[in-house]
Amino acid sequence: PYVDELSDTELIAMLAAPSAKHREHAQLALLRRGDAPQRAQMLESLAADGNQPSYGRVAAIFTLKQLRGEASHPALVELTKDAKVREFALRALADRRSQMKNVPTEPFVEALGDPDPRVRAAAVIGLGRLGDKSVAPAILPLTQRPSHQPMPTDNPLHAQPDAGRVIPHLGVRALVELGAAEACVGALNGPYRDGALWALRGMHSEGAVEGLIAALATTRDAELRRCVVTA
């Protein structure tokens, strides 16, 4: 039958269908019907059901966010505790800049230490979008690029994951988006100097320039002075 003739229960079940096209049509039909308590509850149940396939849970997460907006955030925050869907719950929470009110930074900061690089990427991108400069010290460690490791020879180059390059880049972009000049200047004499300088080069603001000038005036470290002048 045509999807608009299906019940909410049937559409929710279709969100977990193996076919991506079926999931898409079910999502659109639910969104056309608008927000309703029972509909939201069924979506939350599907998203939280660890026995359902991941693609169905993810479809429920993003349907819930589009359907309820900020009202979906309590359920999404709870889902960040589930390792199987943490990445997608974080992404949904920070998905729309017009719906950032009362989104807590804590789940994102906690996820910066997740063993899955995809989760760390979602967390650091989300923190950049949330706009809270106080999280900058938590982001700085992610800007460190690992020492060179030989490339594996059993996979073609384009198929090799490279979180060691991607995550530091995302961390720097988040710091620039936050305008976290003060935190980066404060890190110039610490272990995250390279990432802090990398971020400061992208901050075209008076605060960044004045901080670099102050650092130049107070350090005698020749290498740091060279890097500060370059920045």
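This passage looks at one helix, the rings and the cysteines of a predicted model.

Helix α12, which spans residues 193–200, is a good place to start. Six of its eight residues are buried, so the helix is largely enclosed by the rest of the structure. The buried ones are R193, G195, A196, L197, A199 and L200. As for what does the covering, the elements include α10 (163–178) and α11 (181–186), along with α13 (206–218) and α14 (222–230).

Turning to the rings, a look for aromatic pairs comes up empty: the structure has zero of them. A ring does turn up in another kind of arrangement, though. The charged end of R145 sits over the ring of W198, at 4.2 Å from the ring centre.

The cysteines come next. A disulfide is a covalent bond between the sulfur atoms of two cysteines. Searching the whole structure for such bonds gives zero hits. For C184, the reason comes down to distance: the closest cysteine sulfur belongs to C227 and is 14 Å away, which is too far for a bond. Seen from the other side, C227 is likewise in no disulfide, with the sulfur of C184 as its nearest cysteine sulfur at 14 Å. For a pair to count, the two sulfur atoms would have to lie within 2.5 Å.

Both cysteines can also be placed by their accessibility. C184 has a relative accessibility of 0% and therefore counts as buried. C227 comes in at 16%, so C227 counts as buried too, given that the cut-off for buried is under 20%.

Key: Residues are numbered from 1 along each chain as its sequence is written. This is a predicted model: local features need pLDDT of at least 70, side-chain atom pairs count only at pLDDT 80 or more; totals for chains, interfaces and linings use all residues. Side-chain values use heavy atoms; hydrogens and water are left out. Rings of Phe, Tyr and Trp (its six-membered ring) pair if their centres lie within 6.5 Å; planes under 30 degrees apart count as stacked, over 60 as edge-to-face and the rest as tilted. A charge sits over a ring if NZ of Lys or CZ of Arg is within 6 Å of the ring centre and within 35 degrees of the ring normal. Buried means under 20% relative accessible area, exposed over 50%, partly exposed in between (1.4 Å probe, protein chains only). Helices (H or I, at least four residues) and strands (E, at least two) are DSSP runs, numbered from the N terminus. Contact means heavy atoms within 4.5 Å.
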